[in-house]
Protein chains: 4
Amino acid sequence: MLRVGVIGCGGMGRDHIRRLTEKIQGAEVVAVSDVFEESARKAAEICGAKVYADSKELINAENVDAVFIVSPGFAHVDSLLQAIEAGKRIFCEKPLCTTAEDCLKVVKAEEAAGKHLIQLGFMRRYDKGYQQIKEALATGEYGEPLILHCTHRNPEVGTNYNTPMAVHDTAIHEIDVLHWLVDDEYESAQVVMPRVTKYSHSELKDPQIMMLRTKKGVCIDVEVFVNCKFGYDINCEVVCEDGALKMAQPAYPSIRKNAAVSTAIDTDCFVRFKDAYDKEVQDWVDNAEAGVITGPNAWDGYLAAITADALVKAQETGQIEKIVSAVEKPEFYK
Amino acid sequence: MLRVGVIGCGGMGRDHIRRLTEKIQGAEVVAVSDVFEESARKAAEICGAKVYADSKELINAENVDAVFIVSPGFAHVDSLLQAIEAGKRIFCEKPLCTTAEDCLKVVKAEEAAGKHLIQLGFMRRYDKGYQQIKEALATGEYGEPLILHCTHRNPEVGTNYNTPMAVHDTAIHEIDVLHWLVDDEYESAQVVMPRVTKYSHSELKDPQIMMLRTKKGVCIDVEVFVNCKFGYDINCEVVCEDGALKMAQPAYPSIRKNAAVSTAIDTDCFVRFKDAYDKEVQDWVDNAEAGVITGPNAWDGYLAAITADALVKAQETGQIEKIVSAVEKPEFYK
Amino acid sequence: MLRVGVIGCGGMGRDHIRRLTEKIQGAEVVAVSDVFEESARKAAEICGAKVYADSKELINAENVDAVFIVSPGFAHVDSLLQAIEAGKRIFCEKPLCTTAEDCLKVVKAEEAAGKHLIQLGFMRRYDKGYQQIKEALATGEYGEPLILHCTHRNPEVGTNYNTPMAVHDTAIHEIDVLHWLVDDEYESAQVVMPRVTKYSHSELKDPQIMMLRTKKGVCIDVEVFVNCKFGYDINCEVVCEDGALKMAQPAYPSIRKNAAVSTAIDTDCFVRFKDAYDKEVQDWVDNAEAGVITGPNAWDGYLAAITADALVKAQETGQIEKIVSAVEKPEFYK
Amino acid sequence: MLRVGVIGCGGMGRDHIRRLTEKIQGAEVVAVSDVFEESARKAAEICGAKVYADSKELINAENVDAVFIVSPGFAHVDSLLQAIEAGKRIFCEKPLCTTAEDCLKVVKAEEAAGKHLIQLGFMRRYDKGYQQIKEALATGEYGEPLILHCTHRNPEVGTNYNTPMAVHDTAIHEIDVLHWLVDDEYESAQVVMPRVTKYSHSELKDPQIMMLRTKKGVCIDVEVFVNCKFGYDINCEVVCEDGALKMAQPAYPSIRKNAAVSTAIDTDCFVRFKDAYDKEVQDWVDNAEAGVITGPNAWDGYLAAITADALVKAQETGQIEKIVSAVEKPEFYK
């Protein structure tokens with residue numbers, strides 16, 4: 001039984017606590033912590049865990065085998081470094097850290113510790129739809145992937161959501177999952193800005209078309225449209241030399257009514273990726289004993305950070321921006 | 001140029017006159033007739049044809065090469081026999097006649113005349129959807145057909161529409177097209193009566209499941225649901241030894257809106273089978289010179305009549321009713 | 001932790017043992033038994049359980065809280081009666097018993113014991129596809145169900161598979177799930193026998209169309225085609241007064257290749273209903289402590305038996321056969 | 001009856017002659033001409049027309065009401081200017097001329113003549129799929145279009161097909177139809193070059209992603225993939241403020257076979273756009289008497305030329321290239 005301490009007990013944190021408590025095999029939440037005592041108390045009620053006022057204390061608690069970080073992004077770096085030092089297993093919600101520099105610090109600390117401790121919460125790699133595509137590509141039956149057409153559509157966002165958040169909060173999932181899907185690394189980024197929807201506001205260019213090029217020359221376009229109104233609509237088509245594959249959509253009944261046949265589209269990511277959230281955490285727990293990470297790791301977190309930075313720069317310049325890592329990929333992560 | 005006289009100038013008749021005048025190559029309407037003078041006059045305005053008070057006179061007019069019968073069903077038999085006697089080419093809207101006996105009379109008259117003169121207005125044989133299925137079956141790639149699952153759904157019907165009309169006015173199209181589709185003849189009929197929809201009335205059992213068995217043992221079920229509310233929805237799946245084929249639906253855009261992706265369903269047969277109506281008439285005109293009939297003929301009209309009779313009987317008895325022809329299929333129609 | 005003893009350690013039994021051991025939360029297999037010692041030994045290796053030569057001894061073992069019956073159908077009745085007597089919780093693979101009489105015996109024994117102990121292994125009620133339809137019907141948005149069109153297609157069967165097995169081994173799943181889906185009971189049965197596929201043999205009429213009528217008048221047709229060659233293809237369309245709903249198919253990528261766009265169809269029931277198998281067992285375990293059964297119960301097993309008997313009789317007579325329960329539904333099961 | 005003279009009697013020319021002779025209402029081919037006498041003779045056999053050795057003579061023949069130009073692109077300009085001078089009605093296969101300069105010359109000649117004479121052979125505007133989308137946009141129900149995602153995929157091309165031909169011979173159809181679809185004009189162009197498929201050769205970068213931006217800010221991406229192997233696959237999705245619309249695909253049966261359900265994709269443009277070819281010519285004939293052009297006109301031909309030039313330049317530079325007209329749109333074409 002993996003004894004987990006959860007740092008960050010907001011909505012997402014409590015979701016994970018419920019998941020760990022009710023659905024996941026082989027784990028239990030024994031400690032919780034939040035800067036807001038009230039949130040921590042509510043969380044403790046779900047799982048019966050001990051409340052820690054100080055997250056560092058939670059990390060170092062003897063009965064805590066593993067740390068689950070769901071605090072705001074800016075707070076991740078400190079908790080990560082402390083947990084690495086304490087040799088605890090770590091699940092960290094995305095982003096790894098809010099700057100590429102901090103990500104690199106964490107990468108180096110983990111490498112120095114010599115143990116693979118960190119799994120990053122990019123759940124899409126655990127989605128059945130992407131996995132089916134990855135498996136199909138692996139058969140070789142379709143030749144090499146050449147182009148990816150994707151959409152990341154969201155019904156609507158709040159007024160505090162601005163243009164760079166389309167990268168950091170939205171496209172960030174494509175950034176992680178797509179290079180994993182085609183087993184490749186990004187080389188450059190561009191952002192095309194279409195006419196803005198009437199449902200947006202002055203601080204948000206919506207929709208956007210984000211384009212990425214990989215080192216092998218795969219060209220990716222991602223339509224990011226966060227006020228599309230009609231649903232949470234994730235699509236991915238992989239065009240290969242010997243065929244094109246479209247990711248399956250979630251299975252819903254087809255309904256004949258009102259002179260149309262229709263199928264439901266999900267309206268939020270928690271329904272759309274429900275199974276993926278469960279599986280990423282179960283996988284992390286399952287691998288804890290063996291001391292391995294099969295999901296996205298700290299290096300993936302660093303790559304996501306530099307790719308996001310390039311896209312944000314490209315939003316401003318309108319140019320094709322290079323994506324360059326400050327260091328070579330360490331042997332440790334190969 | 002085939003000079004056509006049209007008998008029956010109601011809504012359907014005027015539709016055909018417009019079709020013959022505006023769309024069909026190689027035909028012109030030169031004569032029209034209707035028991036209501038007003039209808040005939042309106043029709044004449046569309047095409048500039050001469051109005052005949054008496055349909056028999058129209059049939060025998062020298063400049064009339066071909067007779068197009070769109071009068072009420074009970075009036076067909078007289079016009080058919082007169083036109084056969086006059087040696088005119090004939091297009092007759094369904095039904096051939098309202099009784100099997102009259103149908104047989106027409107069949108025998110045509111046979112006696114020794115010329116294939118009559119094409120019957122079962123337009124579905126000209127629908128691209130059915131034709132694609134028939135072509136696929138002809139390749140042999142799917143083996144023998146074993147089962148047909150069909151639906152004939154209609155948004156709603158008037159209060160004068162009653163239980164037997166579900167056969168005579170609705171399923172009659174399946175009766176003709178399905179045996180042609182699998183190149184076979186009917187042997188027996190049964191009707192299953194499900195719970196009645198709240199949208200029906202005391203004289204109408206709706207929906208019904210009509211079942212036909214062919215001589216080769218193909219079993220057919222047709223859901224006839226004339227108050228289905230949602231659309232005019234024609235489906236046909238042919239289950240074969242080596243695969244199952246579903247007829248294509250009309251092509252409409254797929255639309256993402258309101259948390260669903262949807263595609264339109266037609267709401268009436270004139271839109272659904274628009275192209276088929278045009279093609280059946282063009283085909284009749286194209287074959288006129290060569291003196292052949294490639295569409296449904298008088299014998300098909302007789303078969304439809306005895307099959308419909310068996311289904312109406314089966315509606316009442318709840319039993320499996322035999323479908324027996326009073327005569328062997330004449331050599332003339334083979 | 002529910003301590004489970006498994007009776008029957010063949011292929012299916014070992015599948016369930018693996019499931020209970022690896023996937024299910026809150027259960028462990030502590031005892032196994034099989035008439036073939038070798039099978040029991042293999043099973044024990046999976047889960048580390050104690051092997052019992054005698055299933056009755058296993059049932060009565062003190063550390064066994066629950067009995068999981070996966071032995072051949074004819075052996076169920078004895079184990080069921082013994083387990084009821086011992087007051088153990090029971091999961092019994094379908095069928096409950098091989099005769100309606102034995103089913104009734106078990107029903108009465110459970111009723112006499114006064115505790116809901118038995119869950120029957122009809123996994124389809126746990127399939128997401130059926131559940132989505134049931135939820136949609138429950139909204140009332142579609143009015144009353146009137147007709148169900150279903151298919152149960154299987155790629156191929158062995159030469160020992162004969163005509164009645166199309167009911168007992170195949171349609172039995174539709175028998176259970178469909179009346180549950182529309183919350184109704186069966187009243188009569190009929191079987192239509194189409195032309196036989198070339199892939200069948202003299203002892204097997206394949207395909208068959210099985211028809212059931214419920215007390216509320218819902219008419220059901222199930223195409224049972226066990227040598228359809230192309231896949232394990234389960235379909236269900238519910239035609240209601242205010243719309244028609246088709247069950248979702250499993251989600252697979254859509255692939256463009258060889259002048260076609262295609263989507264995979266499963267080829268066996270274990271892949272198709274993988275999640276349903278897991279969920280039925282988890283649900284049984286979850287409800288064990290509370291002493292309730294939310295899945296199919298012993299009475300459902302009895303209803304399946306008398307419905308199957310009527311369908312087998314209808315296969316022979318070609319007539320509509322009544323489905324009559326020997327007793328009224330006991331209060332205990334309402 | 002419109003008396004048509006056809007210039008250019010190669011494969012495409014003879015296709016149009018067959019169309020004009022057999023399918024089109026109200027036209028007859030009375031004159032043909034080709035630099036290869038043999039081609040002209042073959043063409044004359046189809047329609048019984050008189051053969052002219054000199055195309056100018058054909059244009060000026062008294063019994064020729066209209067000129068149909070299907071000669072190679074470089075020869076168009078002379079025939080167009082002669083036909084305008086002769087005041088003949090003109091149907092010209094794409095391209096209008098091979099250079100923007102020549103296109104402008106033709107535009108000015110037509111304007112000077114003061115009569116709308118030229119229809120250009122961009123048949124896609126007559127395709128039902130695009131028309132359904134255009135009609136849907138016109139309802140206003142979907143708000144303004146923001147993004148178009150398109151594919152133009154072709155099974156394979158010959159070895160003489162090179163990189164700029166991906167614009168001139170392939171994307172040229174999207175260039176014309178897409179700005180018409182959203183009722184807008186192009187402002188800039190970019191081309192992204194993904195990894196090249198193994199099925200291409202050194203002179204051809206395949207696939208390519210061509211991007212166009214309109215004056216209203218609609219951003220268009222067109223995947224041009226001429227060796228995609230699997231089919232002739234034309235897709236168009238219009239993302240609007242209030243919904244997204246995908247163009248219907250041609251209707252084919254859905255077939256269950258080999259563990260998959262599949263639907264055919266066309267393999268060449270003549271099958272895919274068969275109806276559109278017929279309709280564009282019929283429309284031209286229908287409008288001839290009234291002296292109007294409702295299809296693509298000479299100005300559209302000029303716009304296509306300058307857009308294609310910008311895309312070819314963008315293929316070389318990798319930059320975003322402006323699309324600038326040398327003259328304002330003349331009143332004559334508004």
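I265(D) sits in the loop that runs between strand 14 (260-264) and helix 8 (269-272) of chain D. Its relative accessibility is 9%, so I265(D) counts as buried. Keep in mind as you look around that this is a predicted model. From I265(D) you can also look across to D169(D): the two are 96 residues apart in sequence and 21 Å apart in space, C-alpha to C-alpha.

**How two chains match**

How is chain B laid on chain D? A turn of 180° with a shift of 0.0 Å along the axis does it, and the RMSD is 0.1 Å. The two copies are therefore related as by a two-fold rotation axis. If you would like to find that axis on screen, look for A251(B), the residue of chain B that comes closest to it, at 2.9 Å (C-alpha).

**Pairs of opposite charge**

Side chains of opposite charge can pair when their charged atoms come close. Over all chains, a search of the whole structure finds 85 salt bridges. Here are three of them to look up.

| Salt bridge | Closest N to O distance |
|---|---|
| D242(D) and K198(A) | 2.9 Å |
| K313(C) and E321(C) | 3.4 Å |
| D233(D) and R153(D) | 2.9 Å |

Let us start with the salt bridge of D242(D) and K198(A). This pair crosses between chains: D242(D) is in the loop between strand 11 (233-240) and strand 12 (243-246) of chain D, while K198(A) is in the loop between strand 8 (186-192) and strand 9 (208-214) of chain A. D242(D) has a relative accessible area of 13% and is buried.

In the salt bridge of K313(C) and E321(C), are the partners buried or partly exposed? K313(C) is partly exposed, with a relative accessible area of 45%, whereas E321(C) is buried, at 11%.

Next comes the salt bridge between D233(D) and R153(D). D233(D) belongs to strand 11 of chain D and R153(D) to strand 7 (residues 145-153) of chain D, so this pair ties together parts that are 80 residues apart in sequence. Both D233(D) and R153(D) are buried.

Salt bridges can also be followed from residue to residue: R153(A), E223(A), D233(A), R256(B) and E237(D) are linked in a network of them.

**A positive patch**

Finally, turn to the surface. Which residues form a positive patch there? They are K128(A), K274(A), K279(A), K128(C), K274(C) and K279(C). Helix 9 (274-288) of chain A and helix 9 (274-288) of chain C are the elements that give two or more residues to this patch. One of the patch residues, K274(A), has its place in helix 9 of chain A, and its 42% relative accessibility makes K274(A) partly exposed.

Technical notes: Residues numbered from 1 in each chain as written. Chains lettered and ligands numbered in written order. Predicted model: local features only at pLDDT ≥ 70, side-chain atom pairs only at ≥ 80, totals over all residues. Heavy atoms only, no water. Patch = residues over 30% accessible without salt bridge, like charges linked within 9 Å, V, L, I, M, F, W, Y side chains within 5 Å. Areas by Shrake-Rupley, 256 points an atom, 1.4 Å probe, with all protein chains shown as cover. Salt bridge = Lys/Arg side-chain N within 4 Å of Asp/Glu carboxyl O. Lys, Arg positive; Asp, Glu negative; His and termini not counted. Charge placed at Lys NZ, Arg CZ, Asp CG, Glu CD. Helix = DSSP H or I, 4+ residues; strand = E, 2+ residues; numbered from the N terminus. Buried < 20%, exposed > 50% of the residue type's maximum accessible area, 1.4 Å probe, protein only. Least-squares fit on C-alpha atoms with pLDDT ≥ 70 in both.
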